[in-house]
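Welcome! Open the structure in your viewer, keep the selection tool at hand, and let us walk through it stop by stop.

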Amino acid sequence: MRRKYFYSSKRLNYHFLHRLSAIFLLISMTLCGCAKEPAGEPSEAVSTEPETSQTETTQADPINLEQVLLKERGIPYDQSDYKKFLGGENIIHEYAEFDCNLDHGYSKTVNDLVVADGKLYQANFNSVLANGKNIQEVGTLPGKNIRYWRLTYDGEMGEIYLNDGSGYKVSSTPFTASPMDKAQFPLFRKVYRYASDGKTLEDHTAEYLNADKVYSGDPMIAVAGGKVSLLFSGKYLDKGTTGWNWYQDMGWREYIAFELELSELAGEAPIRLFNRNILMTNCAFYEIVYASEPLDDSDTKAQLAPDGSVSPYYPAAQHLNCNVKLRKLELLTAFYGDVRNISTSHVITEDYTMLPIAEVLTDGYGAYQKYDPCRFYWDYNQD
């Protein structure tokens, strides 16, 4: 059951007005360079020196994300109540990956799973683990160049695929990593894209088997060759039925891919995905949102080919059940160099400060809508 949130793009979130001055002050820093700094080296725009004690109305303009949030709350910079992520040095950088199975801002007692530099970790933002830190190593994976990984929220079972195509069954309790037969268990058996006629499928399996990164979820999201694609389990029309369009599953690990429209990037290079919906480029952050109200899978309009006939495959080429676009995240982009990593519950800054994501991602949301790290947001104008 989809949850519907209604939002008019003409209504800005109240808090966004408070952030505009900080964003525009930082825009010059964003324009000075369009590349993420090496992990572990703080941006010049980030200062770990506390400001002198001042009131909210007199203290200096914020120079990092933490100070933006503190100023909004009327708290002097030198009295910050945001905690540090303990033990993240040399582990948490912009390429470390937190799991996306749960909203850990809500499920606070369940540990995150983290993959970084060929190792598997557990992490918790709300309490320290047995080692007295917020992160603890679980085991060493079979390789560092990981294309895809997925584990259940408790780490009991899952799988990883390396960039060489090899796959492994993985468990964190206790840690094990067992190889799978590459021929029998490929990451993808088939990946198709629609041809120009919107009715014929073309085989693009090799392209996706060599993707830079593939992220688990429904849909799966792949970054390959400068493109970002959404991959949905493929179905074919059961021609033996009448009076209703019945679609049957194509087969195990067979997908239909749809390219995400990237014109919003204006030449920026997509790098990676945070959560299930935040795309990081070499210059900015964008949220993947619905561009129009998605139709239900059973809606006949969602089952039509471009020429108006019933599509022989599903999702149909026009993909009216998942019309998505990119929306720029202005605050994160203005402080691009201060973002070390993003989990489903927190933004981790360059100095390992943990900022609740619900306080950072508010632009475009309202009193009854909030950022959801596990789903696309309903950004269409509903009048």
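Before the first stop, one term: two strands count as paired if DSSP finds at least two bridges between them. Keep in mind too that this is a predicted model.

**The whole chain**

Begin with everything selected and shown as a cartoon. The chain has five helices and 25 strands. Of its 383 residues, 51% are buried. Now look at how the chain meets itself: among contacts with a separation of 6 or more, 58% are between residues 24 or more positions apart. If you switch on a surface, you are looking at about 18,200 Å² of exposed area, and carbon and sulfur atoms supply 51% of it.

**First sheet: E15, E14 and E20**

Select residues 235-237, which are strand E14. This strand belongs to an open sheet of three strands in the order E15-E14-E20, with antiparallel pairing. Add 247-249 for strand E15 and 313-314 for strand E20: these two stand at the edges with a single partner strand each, so each has one side without a neighbour in the sheet. E14 and E20 are joined by two bridges and run antiparallel. Which residue stands opposite Tyr 236 in E20? Show the side chains and you will find Tyr 313 there.

**A strand with two partners: E9**

Next, select residues 190-194, strand E9. Four of its five residues are buried, so the rest of the structure largely encloses this strand.

Strands of a sheet pair through backbone hydrogen bonds, and the pairing can be parallel or antiparallel. E9 lets you look at both kinds:

- Add residues 254-259, strand E16. E9 and E16 run parallel and are joined by three bridges. Tyr 192 stands opposite Ile 256 of E16.
- Add residues 201-203, strand E10. E9 and E10 run antiparallel, again with three bridges between them. Arg 193 has Glu 202 of E10 as its bridge partner.

Follow the chain from E9 into E10 and you trace a hairpin with six residues between the two strands. Pause in the turn at Gly 198, which has a positive phi of about 70°.

**Aromatic pairs**

Now show the aromatic side chains. With ring centres within 6.5 Å as the limit for a pair, the count comes to 13 aromatic pairs.

Select Phe 98 and Phe 125. Their ring centres are 5.6 Å apart and their planes meet at 40°, so this pair is tilted. Phe 98 sits in strand E1 (residues 97-98), while Phe 125 is in the loop between strand E3 (119-123) and strand E4 (135-140), so that the pair links parts of the chain 27 residues apart. Are these two rings buried or exposed? Phe 98 is buried, with a relative accessible area of 6%, and Phe 125 is buried with a value of 6% as well.

Another pair takes you back to E9: select Tyr 194 and Phe 258. The ring centres are 6.2 Å apart and the planes are at 45°, so this pair is tilted. Tyr 194 is in strand E9 and Phe 258 in strand E16, so the pair ties together parts 64 residues apart in sequence. Tyr 194 is buried at 14% relative accessible area, and Phe 258 is buried at 11%.

Before moving on, add Phe 85 to the view: Phe 85, Phe 98 and Phe 125 form one aromatic cluster.

**Second sheet: E22, E23 and E24**

Select residues 339-342, strand E22, and 354-356, strand E24. They are the edge strands of their sheet, and each pairs on one side only. The sheet is open, has three strands in the order E22-E23-E24, and its pairing is antiparallel. On average, neighbouring strands here are turned by 30° against each other, direction ignored.

Add residues 346-349 to bring in E23, which pairs with E22 in the antiparallel sense over three bridges. Ile 342 stands opposite Val 347 in E23. Then add residues 65-73: this is helix H2, which lies across E22, E23 and E24 and runs at about 50° to E24.

**Last stop: the cysteines**

Finally, show the cysteine side chains. How many disulfides does the structure hold? The number is zero. Cys 374 is in no disulfide, and the nearest cysteine sulfur, that of Cys 100, is 6.7 Å away. Cys 374 counts as buried at 18% relative accessibility. Cys 322 is buried too, with a relative accessible area of 8%.

Definitions and conventions: Residues are numbered from 1 along each chain as its sequence is written. This is a predicted model: local features need pLDDT of at least 70, side-chain atom pairs count only at pLDDT 80 or more; totals for chains, interfaces and linings use all residues. Side-chain values use heavy atoms; hydrogens and water are left out. A disulfide is a pair of cysteine sulfur atoms within 2.5 Å. Buried means under 20% relative accessible area, exposed over 50%, partly exposed in between (1.4 Å probe, protein chains only). Axes are lines fitted to C-alpha atoms, for helices over the stretch in contact, and angles run from 0 to 180 degrees between N-to-C directions. Contact means heavy atoms within 4.5 Å. Accessible areas come from the Shrake-Rupley method with a 1.4 Å probe; for residues, only the protein chains shown count as cover. Rings of Phe, Tyr and Trp (its six-membered ring) pair if their centres lie within 6.5 Å; planes under 30 degrees apart count as stacked, over 60 as edge-to-face and the rest as tilted.
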